[in-house]
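Here are some notes to read alongside the structure, written for someone meeting a protein fold in detail for perhaps the first time. Please keep the model open while going through the points.

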Amino acid sequence: KFQTNKEDKNNIIKSFEKVVLEIHHHLYDNKKASFEINVKKPEKYSQRTFVSFDMETDDSGSARTEHEKVLIFDLSLLFCEETRKRHIGTIIHDGGFEGVNEETKFQILNWLYEQQNKDKDFQYIVTINRDSFESLEKNKKFDFDLNTFVRANYTKTSRFLKQQYTQEKK
């Protein structure tokens with residue numbers, strides 16, 4: 001029954017893949033990516049998964065690329081016309097850029113800025129380590145002033161919730 005439903009929704013899957021390819025093209029300057037949903041026939045009742053989402057990119061395999069694929073997937077959910085109908089219109093990435101290379105960081109933020117200028121209604125909230133963006137700002141990699149989008153700035157002297165957090169030792 002699920003397989004039949006998947007086939008009925010093929011236009012949604014193709015629409016989603018189109019956005020994946022668009023973002024991938026913006027990041028890597030090629031469309032060597034794919035997105036598929038596979039349905040396995042349940043072999044036993046204890047089988048945990050019978051649906052798998054398979055997204056491949058030009059450079060799949062490394063830990064860095066896996067982080068980038070999460071960003072691409074999440075943004076595709078937000079910007080695909082078909083999935084957007086049920087999306088709340090907000091993405092929050094806490095540390096979403098950790099493990100992502102500098103090139104991808106500014107490319108993703110530039111792409112989001114471009115989407116905003118197309119009057120797309122969305123909110124993207126991300127926590128970033130300021131240090132990792134300083135060289136990008138100095139080299140004028142952004143198509144906009146990053147500081148105009150900063151809503152909060154926390155440091156060792158200006159802490160979030162005015163608390164000093166320590167990890168408990170066991």
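**Notes on the predicted model**

1. The loop between α2 and β1 is where Asp29 lies, and this is a predicted model, so the backbone angles below are computed from that prediction. Asp29 is not a glycine, and yet its phi is positive, at about 60 degrees. Asp29 is also exposed, with a relative accessible area of 63%.

2. A second residue deserves a look beside this one. Asp119, found in the loop between α5 and β4 (123–127), likewise has a positive phi of about 60 degrees although it is not a glycine. Asp119 is exposed, and its relative accessible area is 72%.

3. Turning to the helix that comes before Asp29, α2 covers residues 10–28, and its 19 residues should span 27 Å at 1.5 Å a residue; the C-alpha atoms at its ends are 26 Å apart, which agrees. The buried residues of α2 include Ile13, Phe16, Glu17, Val20, Ile23, His24 and Leu27, and it is worth finding these on the model while remembering a general rule about helices. An α-helix has 3.6 residues a turn, so residues three or four places apart point the same way.

4. How do the axes of α3 and α5 cross, and at roughly what angle? Helix α3 (residues 63–79) and helix α5 (residues 102–117) have axes that come within 12 Å and cross at roughly 5 degrees. Because angles under 35 degrees count as roughly parallel, α3 is roughly parallel to α5.

5. Where these two helices meet, α3 brings Glu68, Leu71, Leu75 and Phe79, while α5 brings Thr104, Ile108, Trp111, Leu112 and Gln115. Sorted by class, the contact of α3 with α5 has 6 nonpolar, 2 polar and 1 charged residues.

6. The largest nonpolar core has 32 residues, and those touching the most other members are Leu75, Phe79, Leu109, Leu112, Tyr124 and Phe142. Two or more residues of this core come from each of α2, β1 (34–39), α3, α5 and α6 (131–138), and α2 gives the most, with 7 residues.

7. Which residues is Phe142 in contact with, once its neighbours within four places in sequence are left aside? Phe142 is then in contact with Phe106, Leu109, Asn110, Phe133, Leu136 and Glu137. Of these, Leu109 was listed in the previous point, together with Phe142, among the residues that touch the most other members of the core.

Key. Residues numbered from 1 in each chain as written. Predicted model: local features only at pLDDT ≥ 70, side-chain atom pairs only at ≥ 80, totals over all residues. Heavy atoms only, no water. Helix = DSSP H or I, 4+ residues; strand = E, 2+ residues; numbered from the N terminus. Expected span 1.5 Å × (residues − 1). Buried < 20%, exposed > 50% of the residue type's maximum accessible area, 1.4 Å probe, protein only. Axes fitted to C-alpha atoms, helices over the stretch in contact; angles between N-to-C directions. Parallel < 35°, antiparallel > 145°, perpendicular 65-115°, else oblique. Contact = heavy atoms within 4.5 Å. Nonpolar A, V, L, I, M, F, W, Y, C, P; charged D, E, K, R; others polar. Core = buried A, V, L, I, M, F, W, Y, C linked by side-chain atoms within 4.5 Å.
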